[in-house]
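Trainee: Could you walk me through this structure? I would like to look at its surface and then at its inside.

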Amino acid sequence: MNPLATINIIIQYEGSGFILLLYAAAFVLLLKNETDRGNRVLFGYLPLALCVLFLLPPVHGIYSKIEGSDTYYRLFWLLPAGTTIVYAAVRTFADHLRRMLILMAFLIFLCGSNVYENRNIVKAENRLHIPQAVLDVCNTITNDTGGKPAMAAMPSELVQFVRQYDTRIMMPYGREMLMPAYANYYNAVYAAMEQSDPIDAEQLAEAITQYNCRYVVINRSRQVKGDLSAEGLELVSELDAYQIWRNPEEKDTDINMSTEEVKE
């Protein structure tokens, strides 16, 4: 693992915040003020040792052979850095309550973001806090299959919600297609569904057959070049915003599928 790869892993772990800087400050405070040896080890030395361990080339190499290197930064989520920061803050608060309250409030404001600016934050449409369209689409598919598992290609705006509601519905691609880190990742179904405008009916039919998709859900606002019916697909239902098509060439999906075939 070269130095640039190491830096990239650290950047991916830290995201848009300052958690590593906060941890460094907390570590220094613990070394200076903490007298309990057990707490110094638990909140100071242990996270540092884990961080060093994860940055060792052999550890990175073993993980990459098993899972690939794209998700290696997620191992750093095991670091109890948040606990260290909170513990150090509480200890410091006890000694400098007023000044530290102002400082921590400033740091939280600086590191955080307004969650209501996220495009996925919308008014709840049901008690599950999932878009009602997801419930309607999933219920239509599971009713059509008689409750059996099925592979379904979903529009990108529904992908991250589907398996929150019904794990019987599997997808040929998941949330990774919406993340910049996977910009170079190719999926034929996603290319046909989201990267083609208008959607090419022949290309889409070939792609869903290739990925063993029993169903394909299309946003009715999208234009389709060609005729899905002529490609052998059957219209199952037309909801307010979506059309649900069935691929009669594909049978219901076996529940015992490999992790590579099932995307969440």
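Trainee: Which residues make the nonpolar surface patch of about 470 Å²?
Mentor: Happy to help! This is a predicted model, where local features need pLDDT of at least 70, side-chain atom pairs count only at pLDDT 80 or more, and totals for chains, interfaces and linings use all residues. Residues are numbered from 1 along each chain as its sequence is written, and side-chain values use heavy atoms, with hydrogens and water left out. The patch is made by Phe18, Leu21, Leu103, Phe106 and Leu110.

Trainee: Which helix gives the largest share of the nonpolar patch?
Mentor: Helices here are DSSP runs (H or I, at least four residues), numbered from the N terminus. Three residues of the patch come from one helix, the largest share. That helix is α6 (residues 97-111).

Trainee: Is leucine 21 buried or exposed?
Mentor: Leucine 21 lies in helix α2. Buried means under 20% relative accessible area, exposed over 50%, and partly exposed in between (1.4 Å probe, protein chains only). Because its relative accessibility is 56%, leucine 21 counts as exposed.

Trainee: What volume does the largest cavity have?
Mentor: A cavity is a set of points on a 1 Å grid over the protein atoms alone where a 1.4 Å probe fits but cannot get out; lining residues have an atom within 4 Å of a point. The structure holds one cavity of 30 Å³ or more. Its volume is about 60 Å³.

Trainee: Which element gives the largest share of the lining of the largest cavity?
Mentor: The lining residues are Leu29, Leu30, Asn33, Glu34, Ala88, Arg91, Thr92 and Asp95. Two elements give two or more residues to this lining, α2 (19-33) and α5 (81-95). The largest share, four residues, comes from α5.

Definitions and conventions:
1 Å grid on protein atoms, 1.4 Å probe; cavity = no way out; pocket = protein on both sides within 12 Å on 5 of 7 lines; lining within 4 Å. Points joined across faces, edges and corners; volume = space filled by probe spheres on them. Patch = residues over 30% accessible without salt bridge, like charges linked within 9 Å, V, L, I, M, F, W, Y side chains within 5 Å. Areas by Shrake-Rupley, 256 points an atom, 1.4 Å probe, with all protein chains shown as cover. Salt bridge = Lys/Arg side-chain N within 4 Å of Asp/Glu carboxyl O.
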